[in-house]
Amino acid sequence: MASLCYNKGCGQRFDLEHNTEDSCLYHPGVPIFHDALKGWSCCKKRTTDFSEFLSIKGCTKGFHSKEKPPEPFSQEETLDKPKAKPVEEFIIQGPKSAEKMRRERPSSDEPRQLLPIKVSRSLEQALERLNLSSKDEAPEGGCAGEAAVQVRAGTTCKNAPCKAVYQGAGSNAEICTFHPGVPVFHEGMKYWSCCGVKTTDFSAFLEQPGCSSGQHCWTGKGDKKAVPCRQDWHQTSSQVVVTVYAKNPLPALSSVKANHTMLEVHIIFERNKIFQAELDLWGVIETEKSFVSMVPTKVEITLRKASPGSWARLELPQNRSQSHGEQEKEASAKAEESRAAQGEDSDDSLSWSEEEDEELEMGTPSN
């Protein structure tokens, strides 16, 4: 039975009994395709036509071969190849539902911590130009007329640099150590107008102990004018940045406090303006890794997220149970008003008119 020769360039059928050393004329090399030329590596003949390339006669004599040459890219070789190194997967969680967040949410009544303040050099220069010491001398002592004001627990003393927190009526008996003057920034030096202890380091200036003693001030001085400020916020997967556009903020008199879910902002700017806000945050933050940055045009509050992800909004919506309670109160008030009105109508219907009295006297009943 004749067999097919698999030598390159031969392709003839042969008889195994008559297969001699010079029966096959083939190419022992490999095909070469370069610059539109086609040929074999074992001989020098080249052509541009593929049909002519296939008809190039072999250059070497030998035995016919019935064994198929190995395929360069066989399926078996592909399966036997080592598998590629698995790619490391990063799973990013989407925003949690409001109900799930409420279950996992820490209490908003946790103690609030003061966030560290970073002051830019440009703000220091701007405060130097304002020359605050010539105009804004603060009165000595604590706040006048504060006894009649109800103070909420957890409120921080507004005297600089006192950091006492109001815990109850007993906190009023504590002695407050504070600076009655105003901060002064002049020629790179920072100091208080009341004591004049100068320093070039802003952190050291903020930590200077007070030079006077008196009562705590829980509600702030009355010479400050509360004003609204434009606010904005943006986020990344790891942090939220809240921006308050307040011009020339005073770091020594301002404070930002937070716990895991609440943010309290108290910013004094442009000498006598004050901005205050309290935010019930959408997510949970890490206060230890959060901070405040102040520049001449704005205050940026960087809040580190407790877990990576996206916040649907900055503030958490009000609790539905509270809104339902308010609706029930309004409904009950309306019901009482309607019952009172009906009561007045019923009393009027039971009263006698003068015409009815005359008809009864004459003995002629009315229709």
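Q: Helices (H or I, at least four residues) and strands (E, at least two) are DSSP runs, numbered from the N terminus. With that in hand, in which loop does asparagine 248 lie?
A: This is a predicted model, where local features need pLDDT of at least 70, side-chain atom pairs need 80 or more, and totals for chains, interfaces and linings use all residues. Residues are numbered from 1 along each chain as its sequence is written, and side-chain values use heavy atoms, without hydrogens and water. Look at the loop holding asparagine 248, and you'll find it between strand E16 (239-244) and E17.

Q: Is asparagine 248 buried or exposed?
A: Phi of asparagine 248 is near 55 degrees, a positive value in a residue other than glycine. Now for its surroundings: the relative accessible area of asparagine 248 is 12%. Under 20% is buried, over 50% exposed, and in between partly exposed (1.4 Å probe, protein chains only), so asparagine 248 is buried.

Q: How are the rings of phenylalanine 33 and phenylalanine 50 arranged?
A: Rings of Phe, Tyr and Trp (its six-membered ring) pair if their centres lie within 6.5 Å; planes under 30 degrees apart are stacked, over 60 edge-to-face, the rest tilted. That rule gives 4 aromatic pairs here. In this one, the centres of phenylalanine 33 and phenylalanine 50 are 6.3 Å apart and their planes sit at 10 degrees, so the pair is stacked.

Q: How many residues apart are phenylalanine 33 and phenylalanine 50?
A: Phenylalanine 33 belongs to strand E4 (residues 31-34), while phenylalanine 50 belongs to helix H1 (residues 50-54). Their pair ties together distant parts of the chain, and the separation is 17 residues.

Q: What is the relative accessible area of phenylalanine 50?
A: Phenylalanine 50 has company: Phe33, Trp40, Phe50 and Phe53 make up one aromatic cluster. Even so, phenylalanine 50 is partly exposed, and its relative accessible area is 45%.

Q: Which strands stand at the edges of the open sheet E4-E5-E6?
A: The sheet has 3 strands in the order E4-E5-E6, with antiparallel pairing; two strands pair if DSSP finds at least two bridges between them. The edge strands each have a single partner strand, so one side of each is left without a neighbour in the sheet. Those edge strands are E4 and strand E6 (46-47).

Q: Which residue in E5 is the bridge partner of isoleucine 32?
A: E4 and strand E5 (residues 37-40) pair in the antiparallel sense, over 4 bridges. Follow isoleucine 32 across to E5, and its bridge partner there is glycine 39.
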